[in-house]
Each structure stands twice: as structure tokens, then as C-alpha cells.
Amino acid sequence: RIEFKILIITYKTLHGLAPAYIEDLLVSYIPERYQRSAKKNLLAVPGFKLNSYGRRAFSVVAPLLWNSLPQHVRDAESLDIFKRQLKTVLFKRAF
């Protein structure tokens, strides 16, 4: 349930549907030189010091979850399509 909410907020943020203060927490992954991963709509995962607290921060967990999604889910054209595909992926992971 919490992963679903975090990923919905992340999708909204990347598509300009979230507040600006949340947009500041996410950074697109841009490789230093051309790589195939440049077109995969990935987010940069910032470093963190404490495993107990740092890994729970939205700025860390959102990119980790987002990058673990299949490409077709990240590239969904609308929020409704994204939600539908996300539910399918999360249910498959759970069962």
C-alpha cells in the first residue's frame, strides 16, 4: 500500500501534477556519456548515511521504487493507465 502511494506521488511529480517542494526532491538520471539507459526515464538515487533513517526518506525510496518498475509502466501516458499497470505489477510481486 505504501509503495503504491509513493509511486503515484512520484508519477504525479514527474508529470507536473505535484507541488513544487516535492519536485525538488527528485532528480532525473542523466548519464555522463550516452548510454541506452538515458532513454529509460530513470531517477537518480542520492547517497544516504544512515540505513535506518536515510533509506526511508522520500528522496531515496521514491527513485529506488521508480527504477525497479518495468519500462512500460514508467512510460504510461496517463495517471489512470499508470495506476492500472502499477497495480498489476505490485500484485505480481506480492503473489
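# A tour from the α1–α3 contact

Select Glu3, Ile6, Leu7, Ile9, Thr10, Tyr11 and Leu14 in helix α1, then add Phe58, Val61, Ala62, Leu65 and Trp66 in helix α3: the two groups meet in this predicted model. By class, the residues of this contact comprise ten nonpolar, one polar and one charged.

Next, display the two helices as cartoons. Helix α1 covers residues 2-14 and helix α3 covers residues 58-68; their axes lie 10 Å apart and cross at an angle of about 90 degrees. Since angles from 65 to 115 degrees count as roughly perpendicular, α1 is therefore roughly perpendicular to α3.

**The whole chain**

Zoom out to the full model. The protein has five helices and zero strands, and its elements follow the order α-α-α-α-α from the N terminus. Of the 95 residues in the protein, 29% are buried. If the contact map is drawn for residues at least 6 apart in sequence, 51% of the contacts join residues at least 24 apart.

**Helix α3**

Return to α3 and select Val60, Val61, Ala62, Pro63, Leu65 and Trp66, which are buried. Which helices do the buried residues of α3 pack against? They pack against α1, α4 (71-74) and α5 (79-94).

**The nonpolar core**

Now select Leu7, Trp66, Leu69, Phe82 and Leu86. These are the residues with the most contacts inside the largest nonpolar core, which has 17 residues. Helices α1, α3 and α5 each supply at least two residues of this core. As general background, nonpolar side chains in soluble globular proteins tend to be buried together.

Centre the view on Phe82. Leaving out residues up to four places away in sequence, Phe82 touches Leu7, Ile8, Tyr11, Trp66, Leu69, Val73 and Ala76. Two of these partners, Leu7 and Trp66, are also listed among the core residues with the most contacts.

**Thr10**

Move to Thr10, which is placed in helix α1. Is this residue buried or exposed? Thr10 is buried, because its relative accessible area is 0% and the cut-off for burial is under 20%. Show its surroundings, again without residues up to four places away in sequence: Thr10 touches Leu26, Leu43, Phe58, Ala62 and Trp66. Among these, Phe58, Ala62 and Trp66 belong to the α3 side of the opening selection.

**Thr13**

Continue along α1 to Thr13, which lies in this helix. Thr13 is also buried, because its relative accessible area is 6%, which falls under 20%. Draw a distance from its side chain to the backbone oxygen of Ile9: the separation is 2.7 Å.

Then display what surrounds Thr13 beyond its neighbours within four places in sequence. Thr13 is in contact with Ala18, Ile22, Glu23 and Leu26. Leu26 also appears in the list of residues touched by Thr10.

As a last step, place a C-alpha to C-alpha distance between Thr13 and Leu25. These residues are twelve residues apart in sequence and 9.5 Å apart in space.

Note on methods:
Residues are numbered from 1 along each chain as its sequence is written. This is a predicted model: local features need pLDDT of at least 70, side-chain atom pairs count only at pLDDT 80 or more; totals for chains, interfaces and linings use all residues. Side-chain values use heavy atoms; hydrogens and water are left out. Axes are lines fitted to C-alpha atoms, for helices over the stretch in contact, and angles run from 0 to 180 degrees between N-to-C directions. Helices (H or I, at least four residues) and strands (E, at least two) are DSSP runs, numbered from the N terminus. Angles under 35 degrees count as roughly parallel, over 145 as roughly antiparallel, 65 to 115 as roughly perpendicular and the rest as oblique. Contact means heavy atoms within 4.5 Å. Ala, Val, Leu, Ile, Met, Phe, Trp, Tyr, Cys and Pro count as nonpolar, Asp, Glu, Lys and Arg as charged, and the others, Gly among them, as polar. Buried means under 20% relative accessible area, exposed over 50%, partly exposed in between (1.4 Å probe, protein chains only). A polar contact is a pair of N or O atoms within 3.5 Å; within protein, one must be able to donate a hydrogen and the other to accept it, and residues adjacent in sequence count only if both atoms are side-chain atoms. A nonpolar core is a set of buried Ala, Val, Leu, Ile, Met, Phe, Trp, Tyr and Cys residues joined through side-chain atoms within 4.5 Å.
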